[in-house]
Amino acid sequence: MASYKILISGPVGSGKTTAVSTLSDIPVVKTDAKPTDGVAALKDSTTVAMDYGTIDLGDGNKVHLYGTPGQERFKFMWEILVQGSIGLILLINNNHPHPLRELELFLEAFARSIEQIPFSVGITHMDECPRPTIQQYSQLLAAKKHVVPLFSVDARSKEDMNLLVLAMLSMIAPEIALENFKGLTLNAHPHHLRYTKRQRH
Amino acid sequence: MKEDAMKTILSDLNGSSGDIEASAVVSLDGLMMASLLPADVEEDRVAAMSAALLSLGERTAKELARGTLNQVLIQGSEGYTIMTEAGSEAVLTVLAKKDAKLGLIFLDISRAAKALSNLLSGA
Ligand SMILES: Nc1nc2c(ncn2[C@@H]2O[C@H](COP(=O)(O)OP(=O)(O)OP(=O)(O)O)[C@@H](O)[C@H]2O)c(=O)[nH]1
Ligand SMILES: [Mg+2]
């Protein structure tokens, strides 16, 4: 029996809480508060401490899934929650004024962690706002020497979120048996698969 | 202005006991509304931490069937941090000395929390 901790982070409104709810097999522990700043115009709740859910992998194996707050004043929670995580998923809200800069900000904030643990990047809200494109994100990641899975996802879609989790786990060092993750079923369409590596040439 | 009225309540609170070193009112989403904190304290962090802890306290009390939350108390080797809900929109955060008499402080805090709650709900 094994348990793994995975963290979902990224800026406000990128869908972290939604993603934890989409993936979790248990009712999610949320710490939502009503926004009193600019976020109020976007949403009627924002995370102030963490989200928590689990994914049952069968055979007693489990993923403990945590979501961070997105606003920078809660940065101390990012540092606390990433401890002990075996992988990180960054969700970036494309329907924001400077999403590429936000990705950079989160890469910097988690710089120490992503030297040691794998991460994947999901761009949300591309249905609402197609720019910047996946290629632009891919170039940014490549410029920073990150070879990581990168997808356009919708945090409400279980299939999309499973893909993001699996792609991230597939980067994990062999000492963690990928066998344990067979409980996550995947129905990937080829067009989903956009690894930065492949786009470099 | 509400901020001035909040500050008056905070300064009454800080003055009510020599054991209280600082206090602040924070919105539930972690923004500073009014504060009487030492200059070396980072306001944004205090605000965000207060909101995070209060909401975790609330969730914990609920998950473990301890009812609705009144207070979160953190005891450190150098003193206490006490977070109390002030109405449905704000948290009152108080920093107290390590040898503080908690019983007395709790009374002063709940009085201040009530005053803040009335002020913020416009009562
Ligand atoms: N149109 C669209 N909506 C999405 C997509 N992904 C998520 N959403 C919606 O966007 C919103 C995201 O809100 P949350 O899940 O609260 O975002 P969060 O990242 O937890 O935000 P904070 O906790 O405030 O940092 C929800 O209303 C989702 O239903 C997407 O790809 N497209
Ligand atoms: Mg959230």
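Biologist: Why does the pairing of ligand 1 with the side chain of Thr18(A) count as a polar contact?

Modeller: An oxygen atom of ligand 1 lies 2.4 Å from an N or O atom in that side chain. A polar contact is a pair of N or O atoms within 3.5 Å (within protein, one must be able to donate a hydrogen and the other to accept it, and residues adjacent in sequence count only if both atoms are side-chain atoms), so this pair qualifies. By the same cut-off two nitrogen pairs qualify: 2.8 Å to an N or O atom in the side chain of Asp127(A), and 3.3 Å to a polar backbone atom of Ala155(A). The protein covers 84% of the 670 Å² of accessible area (Shrake-Rupley, 1.4 Å probe; for residues, only the protein chains shown count as cover) that ligand 1 has on its own.

Biologist: What are the ground rules for these values?

Modeller: The model is predicted, local features need pLDDT of at least 70, side-chain atom pairs count only at pLDDT 80 or more, and totals for chains, interfaces and linings use all residues. Residues are numbered from 1 along each chain as its sequence is written, chains are lettered from A and ligands numbered from 1 in the order written, and side-chain values use heavy atoms, with hydrogens and water left out.

Biologist: What makes a residue part of the shell around ligand 1, and which come nearest?

Modeller: A residue is near a molecule or strand if one of its heavy atoms lies within 4 Å of it. There are 20 residues around ligand 1, and Lys16(A), Thr17(A), Thr18(A), Lys43(A) and Thr46(A) come nearest. Helix α1 (16–23) and strand β3 (46–47) of chain A each supply at least two residues of that shell; the largest share, 3 residues, comes from α1(A).

Biologist: What makes α1 a helix and β3 a strand?

Modeller: Both are DSSP runs numbered from the N terminus: helices are H or I over at least four residues, and strands are E over at least two. Chain A has 7 helices and 8 strands by that rule.

Biologist: Why is Gln71(A) called buried or exposed?

Modeller: Its relative accessibility is 7%. Buried means under 20% relative accessible area, exposed over 50%, and partly exposed in between (1.4 Å probe, protein chains only), so Gln71(A) is buried. Gln71(A) is found in the loop between β5 (61–67) and α2 (75–82), and a polar contact of 3.2 Å joins its side chain to that of Thr46(A).

Biologist: How do you know which residues are in contact with Gln71(A)?

Modeller: Contact means heavy atoms within 4.5 Å. Leaving aside neighbours within four places in sequence, the partners of Gln71(A) are Val12(A), Asp37(A), Val39(A), Thr46(A) and Trp78(A).

Biologist: What makes the backbone of His125(A) and of Lys145(A) notable?

Modeller: Neither is a glycine, yet phi is positive: about 60° for His125(A) and near 65° for Lys145(A). His125(A), in the loop between β7 and α5, has a relative accessible area of 24% and is therefore partly exposed. Lys145(A), in the loop between α5 and β8 (150–152), reaches 68% and therefore counts as exposed.

Biologist: How do you know that the peptide bond from Arg131(A) to Pro132(A) is cis or trans?

Modeller: Omega is near -5°, and the bond is cis. Pro132(A) lies in the loop between β7 (119–124) and α5 (134–143).
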